[in-house]
Amino acid sequence: MKALTAFAPASIGNVSLGFDVLGAALAPVDGTKLGDEVEIKAAESFSLKTVGRFAHKLPGGADSNIVTKCYHYFCEQMEKAGKPTSPVALTLHKNLPIGSGLGSSASSIVAAFAALNAFFDNPFDEDTLLIMMGELEGQISGSVHYDNVAPCYLGGMTLMTGSDAPVTLSLPLNDDWYYAVCYSGISVSTAAARDILPKQVDMATALTFGRQLGVFVHALHAGNFGLAASVMKDVIAEPYRKSLLPGFDEARAFSEQAGALAFGISGSGPTVFAVCSSKAQAENVAAYLTDNYIQNDDGFSHVCQIPSQGTIIS
Ligand SMILES: Nc1ncnc2c1ncn2[C@@H]1O[C@H](COP(=O)(O)OP(=O)(O)O)[C@@H](O)[C@H]1O
Ligand SMILES: N[C@@H](CCOP(=O)(O)O)C(=O)O
């Protein structure tokens, strides 16, 4: 009987300087599989089982799980395209904490769509699937944004185009950068963290945002990674969101003093990340964050790099 599994990695939304338009996939260097998985097999009727470290934090029934919504949405799109579907049994391995800033909902959504697409012999192309993923991410977080689903699905660091084809562009990666990533253990709702942001930005902020993003993309393509790191500053969300994150200012101060190239909030937090120029430096920052930024037993730290591969079907 046909059965397969889709693994979809954690991701950093915004990467500080690209609110809603820049994202990066994450892979711990110690080989830990940091991401959700969806198993799929044929069945007589649809079912969703949830397992894994953070399954107990999911909303009650299968109907309120985003993975069930992905299945129904996928079937609707198949019907519109005149293609047949059949019932499936899904198992979600919920390995990412909810409301963590690690693209947890995106990871479930991407794993679900990637598993469904592979199971039904790839009826949808990359851009069509990304648009479907963005639609479901929008349902859960309050507005469509691709900065988690795109890197989670495709890997690497991705820049959204605002167009339907291609939805996203891949940016060059720097193999020498290591990311100290720490989830504090508390939950921050993405929708709530979006609600606290001003709905308009002033001229000076808009100019800084545009300049930073332009310089960053140029610098990556030119291989000038020092210049790229120098503009990794969040002028849009961090000034408002950091008040939701106990220990944020101290963590930034430590990471700067330890020589990190940049420091910021991953997605809507509470996860933070430091961009480091060596593995040893990232380990040092991660150790500080483990001892000082983590608030409870759910928290964890990892030293990560950005994998060029996103979702893996096996
Ligand atoms: N499979 C799922 N994974 C994560 N969240 C889910 C899932 N299914 C339903 N949810 C709900 O969606 C919301 C996700 O919250 P959000 O703050 O966007 O999480 P994250 O920032 O980690 O993606 C929560 O209310 C959660 O209960
Ligand atoms: N661009 C979004 C990213 C949210 O990421 P999440 O991991 O917190 O869901 C935002 O900043 O709102």
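# Exercises on a two-domain chain with two ligands

The chain is divided into domain 1 (3–170) and domain 2 (178–305). The model is predicted; the chain averages a pLDDT of 96, and 100% of the residues score at least 70. For the complex, the predictor gives an ipTM of 0.96 and a pTM of 0.96.

## Exercise 1. The two domains

Determine how far apart the centres of domain 1 and domain 2 lie, and describe the contact between the domains.

*Solution.*

Step 1. The C-alpha centres of domain 1 and domain 2 are 23 Å apart.

Step 2. To the contact, domain 1 contributes 25 residues and domain 2 contributes 35 residues.

Step 3. On the side of domain 1 that touches domain 2, strand 2 (11–13) and strand 4 (27–28) are the elements that give two or more residues.

Step 4. By class, this side of domain 1 has twelve nonpolar residues, 13 polar residues and no charged residues.

## Exercise 2. The surroundings of ligand 1

Establish which residues and elements form the shell around ligand 1, and from which domains they are drawn.

*Solution.*

Step 1. Ligand 1 is surrounded by 21 residues, the closest being Ile66, Ser104, Ser105, Ser108 and Thr190.

Step 2. At least two residues of this shell come from each of helix 1 (66–80), helix 2 (104–119) and helix 3 (126–141). Helix 2 supplies the largest share, four residues.

Step 3. The shell around ligand 1 contains eight nonpolar and 13 polar residues, and no charged ones.

Step 4. Domain 1 and domain 2 each provide at least three residues of the shell around ligand 1.

## Exercise 3. The surroundings of ligand 2

Identify the closest residues to ligand 2 and the helix that gives the most to its shell, then sort the shell by class.

*Solution.*

Step 1. There are 17 residues around ligand 2, and Gly13, Gly101, Thr190, Gly267 and Ser268 are the closest. Thr190 is also listed among the closest residues to ligand 1.

Step 2. Helix 5 (residues 190–195) gives the most to the shell around ligand 2, namely three residues.

Step 3. Four nonpolar, ten polar and three charged residues make up the shell around ligand 2. The shell around ligand 1, by comparison, has no charged residues.

Step 4. At least three residues of the shell around ligand 2 are drawn from each of domain 1 and domain 2.

## Exercise 4. The packing of helix 1 and helix 2

Describe the crossing of helix 1 and helix 2, and name the residues that make the contact.

*Solution.*

Step 1. Two packed helices are described by the angle between their axes and the distance between the axes.

Step 2. The axes of helix 1 and helix 2 come within 9 Å and cross at roughly 35°. The crossing is right-handed.

Step 3. Helix 1 makes the contact through Ile66, Val67, Cys70, Tyr71 and Phe74, and helix 2 through Ser105, Ser108, Ile109, Ala112, Phe113 and Leu116.

Step 4. Of the residues in this contact, nine are nonpolar, two are polar and none are charged.

Step 5. Ile66, Ser105 and Ser108 also appear among the closest residues to ligand 1.

## Exercise 5. Backbone exceptions

Locate the cis peptide bond between Ala165 and Pro166, that between Gly269 and Pro270, and the positive phi of Asp20.

*Solution.*

Step 1. Most residues other than glycine have a negative phi, and most peptide bonds are trans.

Step 2. The bond from Ala165 to Pro166 is cis, with omega near 0°. Pro166 lies in the loop between strand 8 (157–160) and strand 9 (168–171).

Step 3. Gly269 and Pro270 are likewise joined by a cis peptide bond, with omega about 10°. Pro270 is in the loop between strand 11 (262–265) and strand 12 (272–276).

Step 4. Asp20, a residue other than glycine, has a positive phi near 70°. The loop between strand 2 and strand 3 (22–25) holds Asp20.

Methods: Residues numbered from 1 in each chain as written. Chains lettered and ligands numbered in written order. Predicted model: local features only at pLDDT ≥ 70, side-chain atom pairs only at ≥ 80, totals over all residues. Near = placed C-beta within 6 Å. Nonpolar A, V, L, I, M, F, W, Y, C, P; charged D, E, K, R; others polar. Domains from an automatic or database assignment. pLDDT = per-residue confidence, 0-100. Axes fitted to C-alpha atoms, helices over the stretch in contact; angles between N-to-C directions. Left-handed = near helix turned anticlockwise from the far one by under 90°. Contact = placed C-beta atoms within 7 Å.
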